[in-house]
Amino acid sequence: MAFVGSLDQGTSSTRFMIFDQSGKVVGQHQLEHRQILPAAGWVEHDAAEIWERTQEVITGALKQANLLGSQLSSIGITNQRETTVAWDVTTGQPLHNAIVWQDVRTASYLESLPESAHAALTHKSGLTVAPYFAGSKMHWLIKNSAQVQAAIAAGTARFGTVDSWLLWNLSG
């Protein structure tokens, strides 16, 4: 019998569900993670904590379903979209807390861009320029985190949203 796992890494918690071939839930587990609020309008998550919770919920759901991980034919990942993580590919450790999708610390930087840049970005992406998106969060990390800067200089920095962070970890 084939089983499919579903990893939902959300803004406040991580959940893993296992479905059998008829779509019935045979195991599930969910855990919350901390919200880090270092300044007004700033929201961060500890990416290492998210990875720990991910491992715990997968283990818990497998145990509840009395299955081994090798019995899963696939795992789908959904996540909190634009929450941005920087990590070191050699150590596997986050270089800074993840900057959450709702964080607005990059608003003034984006407002400082000329209107022509806004127009070009909107034309290429179809999206308005806003601090919601990952690009300005990556820019902030590059400009403001000594650990990120050192990892870039060493060629070991990796950037992505939470789904890429989890996929990188799950792939070993």
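The paragraphs below lead from the overall build of this protein to one helix and then to two individual residues. The model is a predicted one, and every value quoted here is computed from it.

Taken as a whole, the protein contains six helices and eight strands, and these follow one another along the sequence in the pattern β-β-β-β-α-β-β-β-α-α-α-α-β-α. The C-alpha trace spans about 55 × 35 × 30 Å along its principal axes. Of the contacts between residues at least 6 apart in sequence, 61% join residues that are at least 24 apart. Buried residues account for 39% of the 172 residues, while the area that the protein exposes comes to about 9200 Å², with carbon and sulfur atoms supplying 54% of it. As for charge, there are 11 positive and 14 negative side chains, and the centres of these two sets lie 3 Å apart.

Helix H1, which covers residues 47–65, offers a simple check of geometry: at 1.5 Å a residue its 19 residues should span 27 Å, and because its end C-alpha atoms are 27 Å apart, the expectation and the model agree. At the N-terminal end of H1 Asp46 acts as a cap, with a side-chain oxygen placed 2.9 Å from the backbone nitrogen of Ala48, and just after the helix Asn66 adopts a positive phi of about 60°. The buried residues of H1 include Ala47, Ile50, Trp51, Val57, Ile58, Leu62 and Ala65, but also Glu49, Arg53 and Thr54.

Glu44 belongs to strand E4, residues 44–45. Its relative accessibility is 6%, and since buried means under 20%, Glu44 counts as buried. What does the side chain of Glu44 make a polar contact with? The partner is the side chain of Arg105, at 2.9 Å. Leaving aside residues up to four places away in sequence, Glu44 also touches several others, among them Arg34, Gln35, Ile36, Pro38, Asn97, Ala98 and Val100. His96 is a further contact of Glu44; the two residues are 52 apart along the chain, yet their C-alpha atoms are separated by 9.3 Å.

His118, by comparison, has its place in a helix, H3, which runs over residues 115–125. Its relative accessibility is 18%, which is under the 20% limit, and so His118 counts as buried. With residues up to four places away in sequence again left out, His118 touches Leu110, Leu113 and Val129.

Conventions
Residues are numbered from 1 along each chain as its sequence is written. This is a predicted model: local features need pLDDT of at least 70, side-chain atom pairs count only at pLDDT 80 or more; totals for chains, interfaces and linings use all residues. Side-chain values use heavy atoms; hydrogens and water are left out. Helices (H or I, at least four residues) and strands (E, at least two) are DSSP runs, numbered from the N terminus. The expected span of a helix is 1.5 Å times one less than its number of residues. Buried means under 20% relative accessible area, exposed over 50%, partly exposed in between (1.4 Å probe, protein chains only). A polar contact is a pair of N or O atoms within 3.5 Å; within protein, one must be able to donate a hydrogen and the other to accept it, and residues adjacent in sequence count only if both atoms are side-chain atoms. Contact means heavy atoms within 4.5 Å. Accessible areas come from the Shrake-Rupley method with a 1.4 Å probe; for residues, only the protein chains shown count as cover. Lys and Arg count as positive and Asp and Glu as negative; His and the chain ends are not counted. The place of a charge is taken as NZ of Lys, CZ of Arg, CG of Asp or CD of Glu.
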